[in-house]
Amino acid sequence: MARLIRTEKEVEGRYEEVWTVVEEDALEQWPAGPLDVVGRPAARQDGLQRARGEARFTADVRLPGMLHAAVLRSPHAGATVRSLDLAPALALPGVHAAISFEDADFLEREPGYPGASVAAVCADTPEQAQAAVEAIQVDWDVHAPLLDPDEAVARGQLISEGQDYVRGDVERALAQADAVVEAEYRTQSVLHSSMETHQAVCAWEGETLVVHISTQYIWGVRDEIAEKLGLDRDNVRVICEYMGGGFGSKNGAGEYTLAAAELARRTGRPVRCALSRREESLDSGNRNATIQRLRGGARSDGTIIALSGEYVNAVGWDGWVAGTNGPMQMLYSVENVATSLRGAKLNSGPMKAFRAPGFVEGTFGLECLLDELAAKLGVDPLELRKRNHADLDVLDGRPFSSKSLMECYRRAEPHWERRHEVRARSDETWKHGVGLASQIWYGGGGPPSYAWVRVGSDARATVVTAMQDIGTGSRTAMAQIAAEELGLPLDRVKVELGDSARGPFASISAGSSTIPSMGPAVRSAAGDARRQIVELAAQRWQKEERTLSLKGGQIVCSDGGSWPLESLLGLLEDAQILGTGARGPNPTGMRVLTFGVQVAEVAVDIETGEVRVDKIVAIHDVGRIVNPLGAKSQVEGGIVQAIGHTLSEHRLLDPTTGLVLTQTLDAYKLPTIADVPEIVCEFIDEPDSHLTNLGSKGLGEPPIIPTAAAIANAIRDATGANIRSLPIDRAEMLRALAEAAAQRKEKVGAPST
Amino acid sequence: MELLRPESSAEAVALLGNGARALAGGTDLVPLLRDGLVTADALVELGRAVPAGIDGTRIGAGTTLAELEASTEIPDALREACRLAASPQLRAMGTIGGNLLQATRCWYWRLAVPCYLHGGDRCHARDGQHREHAIFGNERCASAHPSDPAAALLALGATVRTDRRELPVADLYRLPTDDARDVTALEPGELLLELDVPRPDASAYLKAMDRQRWSFALVGVAAARVGGETRLALAGVAPVPWLLADPAELDRATPLPGTAYKVEIARALVRRALARTA
Amino acid sequence: MPELRVNGHAYAFESPVGRSLADVLRDDLGLTGTKVACGEGHCGACTVQLDGTPVLSCITLVHTVGEREVTTIEGLRDHPLVEAFVRADALQCGFCTPGQIVSAAALVAETPEPTREQIRHGMAGNLCRCGAYSNIEEAIATWRD
């Protein structure tokens, strides 16, 4: 039955109270451990299409008569357009239409960052469109950009109101602490760098706008376009069958889509608007830089009694203030905590959610601080973390729906114990060490989300839901869940997704929410179909329903009888069993979070500052694992991105003009295959007994969270150097080594002076 | 734009100039043309016009870095410099001649900022972001020469033959001046044909970069020993490949605030390269 | 009209000098398996083979291809590497995957049993933002299994 409830909705760590309709099914959770299909490794169902280059991405959509759009972007970090003339562009060959901020309010007269969209043109070819954009005459009034986040905070240039949080009395506690550490940490801005750039093809079919777009949220795109262009929502159809990476940057429609839609309306032709790699680096979002001024105090027994953090997020011209303060507030049971968080509004590209926004940055600072504290106290870093474990949610005393962080720590022990042996490998130049860091994040998902399941007379099932598979293997995981529930082999279940006109509403694929939001809805729909099949079987063979179940493509009776599913469904001819399902509510009065720990083994060349990550052990607790193969890939991918964030990626701006200097993939250094360490991946794999009919939490984000701190802590273990900023490039590594050497010298010199 | 495919070097040379540009592997030129940093009315494809392959100490300018990487005949320093350069595809496409003449990777220059090298009045990197930039010869332009093989060839004392002369690799480069904002000394239309790479008794190339592979050198150090004499040359430390008179010259480096770390890396790599070739 | 030999077929094409091989493959011949992710030779998504050598089709001018045989992912669809990639889960979003497989096919053609070190060296020009590298290494190491 449908119920209307008032509940907390969480996306990327942002909570809001909303009214939600929830429908609950009567399905009991499956037992823990590998089942027939769920919990067993499955190759991705669309793997062949992707590997053979047959999968049609937005980049591959070619419609008859399609025009190509190009966008005039601000070359300046801050400017006002005094005058703009589209006529020279419109006069060029092949040009069909042009629009500026005078025609559409999603284009900017006062761009606030380099790359902001000012005007757009469409033409027969991309080259003609680009030439036309360059022909637009603009008279700019250029402003001096504001680029320093501290200065922005001092001037009150904030993205939103500051957030201050206090529990207990930090100053008093620090005064009583046996050891206090104070340090400033910095993290850099990094780019999502999806391989498929942001792009859309818009075509009008009568009153309906059809939008092919590389997106993580087809329903969000639908609603945003409908709102901005004044259309009925059902007159916007959004299609994304395959998409080439998003990592949080593709949650909305974006100006490029709106421009394509508007130009398509004006020309009556389909219009493609695709960002170039350089435009992608300017205007597709980024993980914002942060400054973290932290203090921590502990008693000699390792009890942390105070933590304080002043956090500044260098948000950029737009975006939101991600929870850099979250880990400090939530990860450990600490009595006295005070955080302040400010989001600086700057003349740089807007931040967008990037895989665990805020927590990646905040965990780096907090978990490095913890190890500095451990070193000062002479307490084992793993022991310190265990000692301060939070048994209840420290924010409001709620119980956790499930939490196996202690079990993660226990499983980390053998890897952590290796540090003696690893350190012993050190020689004059290469120093080896081991470090670890904990992970906390959301990832519980939530309602609403829906799915339909269709079972035909050939005893094959199709899951229909308008979700998207952003490369995480959602098609496969959903098929596994439906197959398990229907007692079908996996190859008899197919998933149709990626089209808002062909399936019910489905969750955004962000915030580690796909499995926990969609999985239960799919199981619920499959359960509805299963119930109907059992009802029919009971009538066909005169059995009691409770004696019948579905397994291995058979209808099985507890009295020993069994019949192939086809022998029942084959009677139906063209009739179909149709199941519907919805995501139920999250447990009330409980906090749903994900946890984990990573252990890093590194080697540092102390003469050249080279850091080599040799091994990462990742142990995460995200409830039930649906597809161990896909889950392992998620963990490896998160760690690879984390290694880029930790060692080589850095969006650099010219300090005077705000020009983005690292627009290309030679200058902006993503990890290559040669940078990847040995990765060992373990899951607790215990269903969260309070969470949905599935007991699974999300895994997209957790693995990227603790890696940077684990590496920095391993570097400290190897060299004694305190890393304070990301990326740990040669300059930062050599700086930290020099600082450590100077401190050692001071210490050695101290008694004699 | 027109594509010309001469059959001989003489024919190629006759076609060059007047807006016609030489095209070898295209890995640098094609992006530069697209970005408008280089303009051309015609491209003279050198495939059949410039020698390729290794013959004793001579290497055709059209030899790809991939061929050099796989060769057992050439000195270690050159082979290693080729192996650690660029990416596999770029090494398969790019020629040694083109590699020596490639443009700087300075982001200001690549983004068409009107900097000194583009004819402007100042180097934007000096006051801006310059973590990848020079520690020598950087007074006017702080760009860092990106070629690994150039440093190796410089240490090896290689010479290059063009359609009109032979010159030491050292003379192929010069720091940009107010009158000539270019780092190579070739005349307009002059075509690089062949290298002559003497065999040292020992040689090595060591490279510090931001990733394990596919990165331009933060610091590359080539060392080549002939008898008791070892020559050192560096990549990524000056607008041109930099011949290091002796290790102590590093004490006289003129790093920018953001490139001081390169001096330290260079010291370590020079020490190691000398030990490797001793 | 110039001709292009692709995957064993000859195609006539008409195009201004300066156009890339990638654009002709994708837009004129409809061979969209070859992807363009950076368009300037930095990422490897557009990798195709010319006479067996992996090159970047986004910075290869189509008029310079000449007589050389172009092999794209469409010509390698039945290569055992394809199956190996799926088996090892060596892809996530799949956008870089055709380029990965084209590069890997050239690698194993030359070195049928590459060491891990050879794989890491030979595949360093194919960026994968999803970070499927461990499995890519695994797929190439086990491609004949």
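## Helix packing, sheets and chain contacts in a predicted model

In chain B, helix 4 (residues 76–83) and helix 9 (residues 148–156) have axes that come within 8 Å of each other and cross at roughly 175°. Because of that crossing angle, helix 4 of chain B counts as roughly antiparallel to helix 9 of chain B. On the side of helix 4 of chain B, the contact is made by Ala77(B), Leu78(B), Ala81(B) and Cys82(B), while helix 9 of chain B contributes Asp148(B), Pro149(B), Ala151(B), Ala152(B), Leu153(B), Ala155(B) and Leu156(B). Sorted by class, the contact between helix 4 and helix 9 of chain B has 10 nonpolar residues, no polar residues and one charged residue. The structure described here is a predicted model.

### Contacts with chain A

Chain A is touched by chain B and by chain C, and the two contacts can be described in turn. In the first of these descriptions, 19 residues of chain B are in contact with 23 residues of chain A. Helix 11 (residues 260–277) of chain B gives the most to the side of chain B that touches chain A, namely five residues. That side of chain B divides into nine nonpolar, four polar and six charged residues.

For chain C, 42 of its residues are in contact with 42 residues of chain A. The elements of chain C that give two or more residues to the side touching chain A are helix 2 (80–87), helix 3 (97–110), helix 4 (116–122) and helix 5 (133–141). The largest share, five residues, comes from helix 5 of chain C. By class, the side of chain C that touches chain A holds 21 nonpolar, 12 polar and nine charged residues.

### Strand 16 and its partners

Within chain A, how enclosed is strand 16 (residues 336–345)? Nine of its 10 residues are buried, so strand 16 of chain A is largely enclosed by the rest of the structure. Strand 8 (residues 163–167) of chain A pairs with strand 16 of chain A in the antiparallel sense over five bridges, and Gln163(A) has Leu341(A) in strand 16 as its bridge partner. Strand 15 (residues 304–316) of chain A, by contrast, runs parallel to strand 16 of chain A and is joined to it by nine bridges, with Val312(A) standing opposite Arg342(A) of strand 16.

### Two open sheets in chain A

One open sheet of chain A has three strands in the order 21-22-23, with antiparallel pairing. Its edge strands are strand 21 (548–551) and strand 23 (562–564) of chain A, each of which pairs on one side only, and the twist averages 25° from one strand to the next. Strand 21 of chain A is joined to strand 22 (residues 554–557) of chain A by four bridges, and Ser549(A) stands opposite Val556(A) of strand 22.

Another open sheet of chain A has four strands in the order 20-19-18-24, with mixed pairing. Strand 20 (493–496) and strand 24 (577–582) of chain A each have a single partner strand, so one side of each is left without a neighbour in the sheet. In this sheet the twist averages 20° from one strand to the next. Strand 19 (residues 461–464) and strand 20 of chain A run parallel, joined by four bridges, and the bridge partner of Ala461(A) in strand 20 is Val493(A).

The table lists how helices of chain A lie on these sheets.

| Helix of chain A | Strands of chain A touched | Angle and reference strand |
|---|---|---|
| Helix 14 (residues 474–486) | strand 18 (450–455), strand 19 and strand 20 | about 135° to strand 20 |
| Helix 15 | strand 18, strand 19 and strand 24 | about 145° to strand 24 |
| Helix 15 (residues 514–541) | strand 21, strand 22 and strand 23 | about 120° to strand 21 |

Helix 15 of chain A thus touches strand 18, strand 19 and strand 24 of chain A, and also lies across strand 21, strand 22 and strand 23 of chain A.

### A helix face and a loop residue

In helix 3 (residues 126–135) of chain A, the buried residues are Gln128(A), Ala129(A), Ala132(A) and Val133(A). Seen down the helix axis, these buried residues fall within an arc of 140°, so they line one face of helix 3 of chain A. They pack against strand 3 (67–73), helix 2 (87–90), strand 5 (95–100) and strand 6 (117–123) of chain A.

Pro41(A) lies in the loop between strand 2 (14–23) and helix 1 (47–51) of chain A, and it counts as partly exposed because it has 13 C-beta neighbours inside 10 Å. Leaving aside residues up to four places away in sequence, Pro41(A) touches Asn627(A), Pro628(A) and Leu629(A). The C-alpha atoms of Pro41(A) and Ala631(A) are separated by 9.0 Å, although the two residues are 590 residues apart along the chain.

How values were computed. Residues are numbered from 1 along each chain as its sequence is written. Chains are lettered from A and ligands numbered from 1 in the order in which they are written. This is a predicted model: local features need pLDDT of at least 70, side-chain atom pairs count only at pLDDT 80 or more; totals for chains, interfaces and linings use all residues. A residue is buried if 20 or more other C-beta atoms lie within 10 Å of its own, exposed if 12 or fewer, and partly exposed in between; C-beta atoms are placed from the backbone. Two strands pair if DSSP finds at least two bridges between them. Two residues are in contact if their C-beta atoms, placed from the backbone, lie within 7 Å. Ala, Val, Leu, Ile, Met, Phe, Trp, Tyr, Cys and Pro count as nonpolar, Asp, Glu, Lys and Arg as charged, and the others, Gly among them, as polar. The arc is that of the directions from the helix axis to the C-beta atoms. Axes are lines fitted to C-alpha atoms, for helices over the stretch in contact, and angles run from 0 to 180 degrees between N-to-C directions. Angles under 35 degrees count as roughly parallel, over 145 as roughly antiparallel, 65 to 115 as roughly perpendicular and the rest as oblique.
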